[in-house]
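Trainee: Could you show me how to read enclosed space and strand order in a model?

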Amino acid sequence: MRIPFLLFIGLLLLSCWSCEEEFTPPVIDAADEIVVEGYIEAGDLPTPPYVLLTRSIPFFSKIGPDQLNDVFVRDAKVTVTSGDKTVELTELCLEDIPLEFRAQIGEFLGIPLDSLGINICAYLDLSGEMFGEIGATYDLKVVAEDKTLTATTTIPQTVELSNFTFLPPPGEPNDTLAELRCFIDDPGGVANYYRYFTGDSQTGFVRPAFSVTDDLLFDGQFFEFPLDKAEPFGASFDPITYGYYRLGNDVTIKWMMLDEAHFNFFNTLEFGRTNQGPFSSYTRIDSNIE
């Protein structure tokens, strides 16, 4: 009875040893690509367009402050067109901003500028000629380093949250935490795409690990669902408090509508971020940049 067991152990060890095979990706030093991040928002606090242009970094490379300072693409021509109006965005770098205004800019961008030690550069509509409008379409054109990149986006009609209710979390009684439940009246017959952030009196807006969803499961329904509190990236996971709100804190929800292309981008990006481990599959990030 002992021989088959020992034989199984021996075969298992041989199998594990045979799995230790070095893997070298076919392309290590691929050419740099320009990465475009463009933002414009409508709603109660509409924002003008702003764009971040960076270069991709090889997977096998050393990353430090010097390398990160070099990834920003300078001297590009960036324009945004909506209807018959076109604005050219102005390049602005952190070192060009007076110290007293950096915290305000960082809060707007959602980036702690003072603590990064990096000269972040962005392209902004400093004239304030264009702001996000619901239903409007925006065409982006970037000319940089002998390349021309374009993209188009539309800000969909708003579908608002309603009927906010805080309930005790399931399980044992808890007098410090609450679950947020809310409703949405999803329009039927058309695909809708949603994204959200949460914030409270202690933090700014935080993106949850999975911040986007479509309405495939509740198309055309008056739908109730829990809205989890987002945790900062890198925060330790606590199964007792995860997704719940602390009683007595202020809560702010940033609820957003996306077009299909932006939903596909964030959906694949967030799946790729959480799909880790030696047996994970490769995720190609969707993009509307051409």
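Trainee: What volume does the second largest cavity have?

Mentor: Rolling a probe the size of a water molecule over the atoms shows where empty space is left. In this predicted model, the second largest cavity has a volume of about 40 Å³. The count comes to three cavities of 30 Å³ or more.

Trainee: Which residues line the second largest cavity?

Mentor: Its lining consists of T198, G199, D200, T203, V206, K229, A230 and Y245. Strand β11, residues 193-200, supplies the largest share of that lining, with three residues.

Trainee: How do the lining residues divide into nonpolar, polar and charged?

Mentor: Three are nonpolar, three are polar and two are charged. Glycine is counted as polar here, and G199 is one of the lining residues.

Trainee: Now the sheet. In what order do the four strands of the open sheet lie?

Mentor: The order is β4-β3-β7-β8, with antiparallel pairing. At the edges are β4 (85-88) and β8 (147-154), each of which pairs on one side only. From one strand to the next, the twist averages 15°.

Trainee: How many bridges join strand β3 to strand β7?

Mentor: Five bridges join β3 (residues 77-82) to β7 (residues 137-144), and these two strands run antiparallel. Two strands count as paired if there are at least two bridges between them.

Trainee: Which residue in β7 is the bridge partner of K77?

Mentor: The bridge partner of K77 in β7 is V143.

Technical notes:
Residues numbered from 1 in each chain as written. Predicted model: local features only at pLDDT ≥ 70, side-chain atom pairs only at ≥ 80, totals over all residues. Heavy atoms only, no water. Axes fitted to C-alpha atoms, helices over the stretch in contact; angles between N-to-C directions. 1 Å grid on protein atoms, 1.4 Å probe; cavity = no way out; pocket = protein on both sides within 12 Å on 5 of 7 lines; lining within 4 Å. Points joined across faces, edges and corners; volume = space filled by probe spheres on them.
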